[in-house]
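Colleague: I am new to reading structures, and I would like to learn how to go from single residues to the way in which chains are arranged. Could you take me through it slowly?

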Protein chains: 2
Amino acid sequence: MPNFTANTKDMQFVLQEVLKISQTDIPGYEDMEPDFTEAVLDAAGKVSAEVLAPLNEVGDKEGCVLENGMVRTPKGFDKAFAAMKDGGWTALDCDPEYGGQGMPYVLNCAVGEMFVSANMAFNMYQGLTHGAYSAIHTHGTDAQKSTYLPKMVTCDWTGTMNLTEPHCGTDLGLMRTKAEPQDDGSYLITGTKIFISAGDHDLSDNVIHLVLAKAPGGGEGTKGVSLFIVPKFLVNDDGSLGERNAVSVGKLEEKMGIHGNATCVMNYDSAKGWLLGDLHKGMRAMFTMMNEARLGVGLQGYAVAEAAYQEAVAYAKDRLQGRAVTGAEAPDKAADPIIVHPDVRRMLMDQKSFVEGARAFTFWGAHLIDRVHKAGDKDADGLISLMTPVIKGFLTDKGFETAVQAQQVFGGHGYTEDWPMSQHVRDARIAMIYEGANGIQALDLVGRKLAQDGGKHVMAFFEMVKAECKSHDGDERMKPFTDALKVASKQLQAAGMFFMQSGMKNPNAALSGSYDFMHLMGHVCLGLMWTRMAKAANVALDNGATDTAFYEGKIATGRYYMARQLPACAMHLARIETGAETVMALAEDQF
Amino acid sequence: MPNFTANTKDMQFVLQEVLKISQTDIPGYEDMEPDFTEAVLDAAGKVSAEVLAPLNEVGDKEGCVLENGMVRTPKGFDKAFAAMKDGGWTALDCDPEYGGQGMPYVLNCAVGEMFVSANMAFNMYQGLTHGAYSAIHTHGTDAQKSTYLPKMVTCDWTGTMNLTEPHCGTDLGLMRTKAEPQDDGSYLITGTKIFISAGDHDLSDNVIHLVLAKAPGGGEGTKGVSLFIVPKFLVNDDGSLGERNAVSVGKLEEKMGIHGNATCVMNYDSAKGWLLGDLHKGMRAMFTMMNEARLGVGLQGYAVAEAAYQEAVAYAKDRLQGRAVTGAEAPDKAADPIIVHPDVRRMLMDQKSFVEGARAFTFWGAHLIDRVHKAGDKDADGLISLMTPVIKGFLTDKGFETAVQAQQVFGGHGYTEDWPMSQHVRDARIAMIYEGANGIQALDLVGRKLAQDGGKHVMAFFEMVKAECKSHDGDERMKPFTDALKVASKQLQAAGMFFMQSGMKNPNAALSGSYDFMHLMGHVCLGLMWTRMAKAANVALDNGATDTAFYEGKIATGRYYMARQLPACAMHLARIETGAETVMALAEDQF
């Protein structure tokens, strides 16, 4: 049995004491009183631990199977999916007009984190549906919305996103899938799409594919790309299911992990599709969903790390091996539990301080998205655009690293498939790749986001960090946080300055440092989060909170992060400042 | 088909131009003329690419199977094993008295690197045998040697090492396996050992298990432990195989990787065994093999990384996606190969500069072991003792990181099992764990090796680095190397100083920084290797070498390492200097 219990206490702390959502002037947030969010989180935690987590190993071991053109999901997934639907968990932040519950996205993220920790592969079936739902909700006609959304909100119908083709992933301009316009206003879609998560399965009555394809007259490259709705079963005028569309599963991918999710090659053979949004504006339509989708992947990164961390803590308290160097701590036992050893502590602290920082960072990002969508806040829009590649790239890199480290705590046992650690590592690995590989996130950050709107958003971020530090002036307890954050923030600014100065002369000089910049910025963001969390913990203690172990532990964990992780910033800056010279020195045949 | 070609050119460079083995005064080295080593390396390279590499995927997909108590290895392993035996590859550095070829260990390592790159799981069958051979060779009686060694040199009989039990790995003092002395001088061994690599299989006629067990009268903990020879089939006086011993395979482990190697639970049920070496000195007997065994695992770390790197280079040259930011480089094609992009270059340069540095470091270590064994050099013994945990811990951590990065170059394709990248990552993972998990290596380094013989060996290492830098004084071409190395070496010394000062007061302060110290020292060692390689390359160019692409590429790759990797040293030092406070701050229930 997995050792998973949703960390609802920490989520409540971030939502209510750091982000203070119930006191925030975003429409809908006023209902987010602590009692209410606690009840939602507790109920979701119960589902995560009791329904989803027990199926995680089943999904990994059994995987999905393609039989006679149909995908069969692992045993028990159908019942669990029904439980998710019955509990309304698929509809949490969806539009009430289509049957949703209209809750903030930030709360949906908190719930989603637990679901991913408990069973990442399973949660993708509804996660992808949510993405497709958002695309239709934003770009669909009224008729499209009323046809598809009510069924997608409940996950009676699920959704997919079809971008990648065998020869193109990052560079979608090379796309070959074609859309031929028909007299009735529909299109015939022909082509092959690969890596389609939840592309087909037995959990829903219909699958609504959103497919990027080239319609005539759009010009070269990505300019000619449009987005189409291509249902597995056509939908009759009365909403009932009609004939089977000409879309089929060519193959199920054998993957390193997330075996419980069906990753499909999808063949479209003159399949009937309908334009979603404007003709030849498919890329733009996809990109409006990008922040949310990428934040969701960043969340996967740390959510799997949380699950792995919980296992590591349980093992470290249980496994007896060696004695504490400062004297036996469990003299009545044959040996001390390994949690007494400083190097095991180091690993657990790395994990804990990352996961908690990442949670705050992701919830903050989700809160910014709420601010954009529910309050039309333009500054928040710029800020979350800037943060999105960092949330995706940094949190998935570190999330994987964390899972690997949690596995290390188990020694040889962690390498066997008898324990859940191999699966966590293998599952976590994909988050660094899909939804834009992390190198692409770094390119997006340095090549586009830094300079967006004249660099306004990154300047606003620097000001925010500065103001945060200034607000704690004179508070001795906050000095370990603000001192480290100031240094790191200056290093980040120096890196940005280097890009501005050298990138003018040689764009490779900036791009050679993009990955390090993404990590440097990730550390500054988590440093900012830890500063805010430490402050919130101090406030709680000052106000006489009785759970001192939690708040003091929070501050100590933050101090670990500042002391032990922020020194990475100087390394990243040093690498960045070496520019492109050594990176680009070799001719191709010297590799 | 795997894209694997043994990098014999680089191996020759390290052996002949950096280590200059044929000019070194170690007995046996005088025969190691360049033509000779080149011929050996080329022949081994052919076997690696043609016999072993094609079976790597087979081994992973098919794995080993336990049928009626017998382990069946993957299809083709038997023929390949026969080819290895026929080619004499199992006997390269073994004692000629027992049928070996008596070549230097350093040459055996070079050959071993290729075998591991081509097929890590397969190579373990002979690798473990070599370890058992060495133990018997060092500690066996003449009778034991003549009984077992000739068959083990040829791998007609293979060997294993049995240390771990379900409840103890690191802390062998908790061992429960018992040895009861019999009147005939033999012992009856009873107990369960786990994680026994190559514990049973169908590749050899007999398996010679070396088993740690507690014989009466040895006292508590590891003091009571002795080492025993326990053959699967007893050996008659005439050398023929006799009755089956009471040792059986309880289970084959399902693992994350190295599926081609049989990882067994071994049950000893009053199995007949014979003492190897002195009674109650089993730990010491094991430890005499430790340097070699751990160097072998460090070698696995970078050898798998080399295989992964070669795949990544091939893919990066082939995959077309996007355009170089400085203008199209393949305008005749739909897109440029991704190797034009700076961030892809960064990944490949990280990989290349690590693998080549690691190769030089490992060969240097092997050369030190030759110096100990063949020339009785005490200083070399101290130095390799100091270096062993660094070779094992640093090279396997970085080797895994490198394999993960090589996988990243493939984007989504790297996550599927259609490409070899998932296997390389999954295989590389174990090297961080077995033969002493890397945290234990760091503990060994900081807790034992630094202070060994009054700190003499680490001081000698600092002097060696200093002398190396000094020897290049005035050579402008060497400045990028010596400048960076001096800084890193000072940081390493500062870390050592911190341990001395703070560790006195609180041993946790040193142990909280042990892992960072191991990495810091690893970087200094690779920096030293790159300095030596750069010098050798300059010498070759000065002497009119025609292969300027190789030597200039070598220098450029070294400059990358110095510029882009050595900045990690400051980070490790900063972490170390924070001591134990934040590491040990939490109570157990605060995790």
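Modeller: We will look at two residues and then at the pair of chains, keeping in mind that this is a predicted model.

Colleague: Is A:Asn119 buried or exposed?

Modeller: Buried means under 20% relative accessible area. A:Asn119, which lies in helix 5 (residues 105-139) of chain A, has a relative accessible area of 0%, and therefore counts as buried.

Colleague: What does the side chain of A:Asn119 reach?

Modeller: It reaches the backbone oxygen of A:Leu52 at 3.1 Å, and, leaving aside neighbours within four places in sequence, A:Asn119 is in contact with A:Leu52, A:Leu55, A:Asn56 and A:Phe77.

Colleague: Where is B:Asp200 found?

Modeller: B:Asp200 sits in the loop between strand 5 (187-197) and strand 6 (206-214) of chain B, and with a relative accessible area of 4% this residue is buried. Once neighbours within four places in sequence are set aside, its contacts include B:Gly69, B:Met70, B:Val71 and B:Lys232, and a polar atom of the B:Asp200 side chain lies 3.5 Å from the backbone nitrogen of B:Val71.

Colleague: How is chain A laid on chain B?

Modeller: A turn of 180° with a shift of 0.0 Å along the axis lays chain A on chain B with an RMSD of 0.0 Å, and the two copies are thus related as by a two-fold rotation axis. In chain A, the C-alpha nearest the axis belongs to A:Met571, 3.2 Å from it.

Colleague: Why can we say that the copies meet through the same surface?

Modeller: We can say so because 100% of the interface residues of chain A are also interface residues in chain B.

Technical notes:
Residues are numbered from 1 along each chain as its sequence is written. Chains are lettered from A and ligands numbered from 1 in the order in which they are written. This is a predicted model: local features need pLDDT of at least 70, side-chain atom pairs count only at pLDDT 80 or more; totals for chains, interfaces and linings use all residues. Side-chain values use heavy atoms; hydrogens and water are left out. Helices (H or I, at least four residues) and strands (E, at least two) are DSSP runs, numbered from the N terminus. Buried means under 20% relative accessible area, exposed over 50%, partly exposed in between (1.4 Å probe, protein chains only). Contact means heavy atoms within 4.5 Å. A polar contact is a pair of N or O atoms within 3.5 Å; within protein, one must be able to donate a hydrogen and the other to accept it, and residues adjacent in sequence count only if both atoms are side-chain atoms. Copies are superposed by least squares on the C-alpha atoms of residues with pLDDT of at least 70 in both.
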